[in-house]
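User: Hey, got a minute to go through this one with me? I'd like to hear about the contacts and the core.
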Amino acid sequence: MSVTAAGWRAGYRDIVAPDRLADLPIDRWRHEISVGLRRPIEDAFTYVAEVDGSFAGYCYVAAPSRESDLGRESAELVAMYVDPEHWRRRVGSALMEAALERLAGLPYTTGVLWTFKRNDRAIRFYEGYDWRPDGAEKIHPRTGEPAIRMSRSITMDPE
């Protein structure tokens, strides 16, 4: 099972309907990730985490953001998934810290991400890195569940 699917099934089991979790588009996700790795968009990047030589998680940042209302000054944390076997072992923290460090050196002023409104665990994690709900909400197209956008300032390193 992919890390993305494992993360969805473990992390969203109390949020997303079981039939939606049973029928995840794993092949489409693999295709989208591989295309993104082969044809990067401007400053977009992916980080992969390994633990003892095994794939443990990844994050993908689209820069500039896909959010049309924010203009080209924002970058978007599109995906962050850690294998549930590695939760609470700082794998997600290492990915977040690496992503924020890289973003600090790029010409973006704001970072955004989307998460399910009822995803308290992820919201607490993101808030630990200064992400805050910015008032934008939408219905996730695959699940029908409400999602919130969170944002934070991206500070460029002075040089």
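**A chat about E76, the core and the salt bridges**

Analyst: Sure, let's start with E76, which lies in strand β3. Keep in mind that this is a predicted model.

User: Is E76 buried or exposed?

Analyst: E76 is buried, since its relative accessibility is 1% and the cut-off for buried is under 20%.

User: OK, so which side chain does the E76 side chain make a polar contact with?

Analyst: That would be S65: the two side chains make a polar contact at 3.5 Å.

User: And what else is E76 in contact with, leaving aside neighbours within four places in sequence?

Analyst: Besides S65, there are Y60, V61 and A62, then R66 and E67, and finally V112 and W114.

User: Switching to the nonpolar side. Which residues touch the most other members of the largest nonpolar core?

Analyst: L77, M96, Y126 and W131 do, in a core of 27 residues. Two or more residues come from each of β1 (45–51), β2 (54–62), β3 (74–82), α4 (91–104), α5 and β6.

User: Which element gives the most to this core?

Analyst: α4, with 6 residues. As background, nonpolar side chains in soluble globular proteins tend to be buried together.

User: What is W131 in contact with, again skipping neighbours within four places?

Analyst: W131 is in contact with L77, M96, L100 and Y126, with the run G111, V112 and L113, and with M150, S151 and R152. Apart from the largest core lies another one, of 7 residues, including Y58, Y60, A62 and Y81.

User: Let's do strands. How do β1 and β2 run, and how many bridges join them?

Analyst: They run antiparallel, and 7 bridges join them. For one position, F45 stands opposite V61 in β2.

User: What sits between β1 and β2?

Analyst: The two strands form a hairpin with 2 residues between them, and D52 in the turn has a positive phi of about 50°.

User: New topic: how many salt bridges does a search of the whole structure find?

Analyst: The search finds 4. One of them joins the side chains of E137 and K117, at 3.2 Å from N to O. E137 is in strand β5 (residues 132–139) and K117 is in the loop between β4 (110–116) and α5 (120–127), so this pair ties together parts that are 20 residues apart in sequence.

User: How accessible are E137 and K117?

Analyst: E137 is partly exposed at 48% relative accessibility, and K117 is partly exposed too, with a relative accessible area of 39%.

User: What does R118 form a salt bridge with?

Analyst: With E145, where the closest N and O atoms are 3.8 Å apart. R118 sits in the loop between β4 and α5, while E145 is in the loop between β5 and β6 (146–153), so the pair ties together parts that are 27 residues apart in sequence. R118 is partly exposed at 47%, whereas E145 counts as buried at 18% relative accessibility.

User: And which residue does R149 pair with in a salt bridge?

Analyst: D134, with the closest N and O atoms 2.7 Å apart. This pair links distant parts of the chain, with R149 in strand β6 and D134 in strand β5, 15 residues apart.

User: Are R149 and D134 buried or partly exposed?

Analyst: R149 is buried at 6% relative accessibility, whereas D134 is partly exposed, with a relative accessible area of 31%.

Key
Residues numbered from 1 in each chain as written. Predicted model: local features only at pLDDT ≥ 70, side-chain atom pairs only at ≥ 80, totals over all residues. Heavy atoms only, no water. Helix = DSSP H or I, 4+ residues; strand = E, 2+ residues; numbered from the N terminus. Buried < 20%, exposed > 50% of the residue type's maximum accessible area, 1.4 Å probe, protein only. Core = buried A, V, L, I, M, F, W, Y, C linked by side-chain atoms within 4.5 Å. Contact = heavy atoms within 4.5 Å. Polar contact = N/O pair within 3.5 Å; in protein donor to acceptor, adjacent residues only side chain to side chain. Pairing = 2+ DSSP bridges.
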